[in-house]
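Q: Please take a close look at the disulfides of this structure. I would like a connected account of how they are placed in the chain and what lies in the parts they link.

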Amino acid sequence: MSFFGGGQQPPQPMQPDPLFAAQTEMEMYTVLFNKLTSSCFEKCNSRKHKEPDLQLGEMSCLDRCVAKYMDSQELVGKVLQAANEKQAMQQQQMQQMQQTMGGN
């Protein structure tokens with residue numbers, strides 16, 4: 001056995017906790033909904049509340065606002081996913097380089 005742990009097994013990667021993932025996802029959707037609601041309400045709300053129902057202009061404004069917000073969130077998600085994949089690939093390459101350097 002060497003001082004550098006040469007005889008030990010490599011550590012196994014930790015598996016994500018499904019409960020933590022579900023809670024995190026729920027919190028993310030709650031934040032998304034709250035931001036969407038406040039942003040679109042500020043933009044589309046008529047200051048004259050004469051009727052209890054939404055007017056046609058308010059409804060179409062809300063539809064457009066929600067669609068734009070969701071499109072932008074989807075785009076941001078794709079960019080972040082690509083960045084995460086690139087970072088994971090770089091980490092994997094770094095680990096491979098360390099293994100080849102340490103193996104010699």
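A: Searching the whole structure, which is a predicted model, gives two disulfides. One of them is the bond between Cys40 and Cys65, with an S to S distance of 2.0 Å. This pair links distant parts of the chain, since Cys40 belongs to helix 1 (residues 18–44) and Cys65 to helix 2 (residues 56–103), with their positions 25 residues apart in the numbering, that is, 25 residues apart. The link of Cys40 and Cys65 is left-handed, with -90° about the S-S bond, and both Cys40 and Cys65 are buried.

The other bond is formed by Cys44 and Cys61, whose sulfur atoms are likewise given as 2.0 Å apart. Here too the pair links distant parts of the chain, with Cys44 in helix 1, Cys61 in helix 2, and the two cysteines 17 residues apart. The torsion about the S-S bond of Cys44 and Cys61 is about -70°, and the disulfide is therefore left-handed. Cys44 has a relative accessible area of 9% and so counts as buried, the cut-off for that class being under 20%. Cys61, with a relative accessible area of 14%, is buried because its value also falls under that limit. When the bonded cysteines are counted along the chain, the disulfides follow the pattern 1-4, 2-3; Cys40 is thus paired with Cys65, while Cys44 is paired with Cys61.

The two helices that carry these cysteines also have other features. Met59, a residue of helix 2, has a relative accessible area of 38% and is therefore partly exposed, a class that runs between 20% and 50%. Together with Leu54 and Leu56, Met59 makes a nonpolar surface patch of about 310 Å².

Helix 1 and helix 2 also come together in the lining of the largest pocket, as the elements that each give two or more residues to it. This pocket has a volume of about 220 Å³, and the residues lining it are Met28, Tyr29, Val31, Leu32, Lys35, Tyr69, Met70, Gln73 and Glu74. Helix 1 supplies the largest share of that lining, with five residues.

Taken as a whole, the part in question is a pair of helices joined by a bond from Cys40 in helix 1 to Cys65 in helix 2 and by another from Cys44 in helix 1 to Cys61 in helix 2.

Note on methods: Residues are numbered from 1 along each chain as its sequence is written. This is a predicted model: local features need pLDDT of at least 70, side-chain atom pairs count only at pLDDT 80 or more; totals for chains, interfaces and linings use all residues. Side-chain values use heavy atoms; hydrogens and water are left out. A disulfide is a pair of cysteine sulfur atoms within 2.5 Å. Helices (H or I, at least four residues) and strands (E, at least two) are DSSP runs, numbered from the N terminus. Buried means under 20% relative accessible area, exposed over 50%, partly exposed in between (1.4 Å probe, protein chains only). Patches are made of residues with over 30% relative accessible area and no salt bridge: like charges are joined within 9 Å, nonpolar side chains (Val, Leu, Ile, Met, Phe, Trp, Tyr) within 5 Å. Accessible areas come from the Shrake-Rupley method with a 1.4 Å probe; for residues, only the protein chains shown count as cover. A salt bridge is a side-chain nitrogen of Lys or Arg within 4 Å of a carboxyl oxygen of Asp or Glu. On a 1 Å grid over the protein atoms alone, a cavity is a set of points where a 1.4 Å probe fits but cannot get out, and a pocket is an open set with protein on both sides within 12 Å along at least five of seven lines; lining residues have an atom within 4 Å of a point. Grid points are joined across faces, edges and corners, and a volume is the space filled by probe spheres set on the points.
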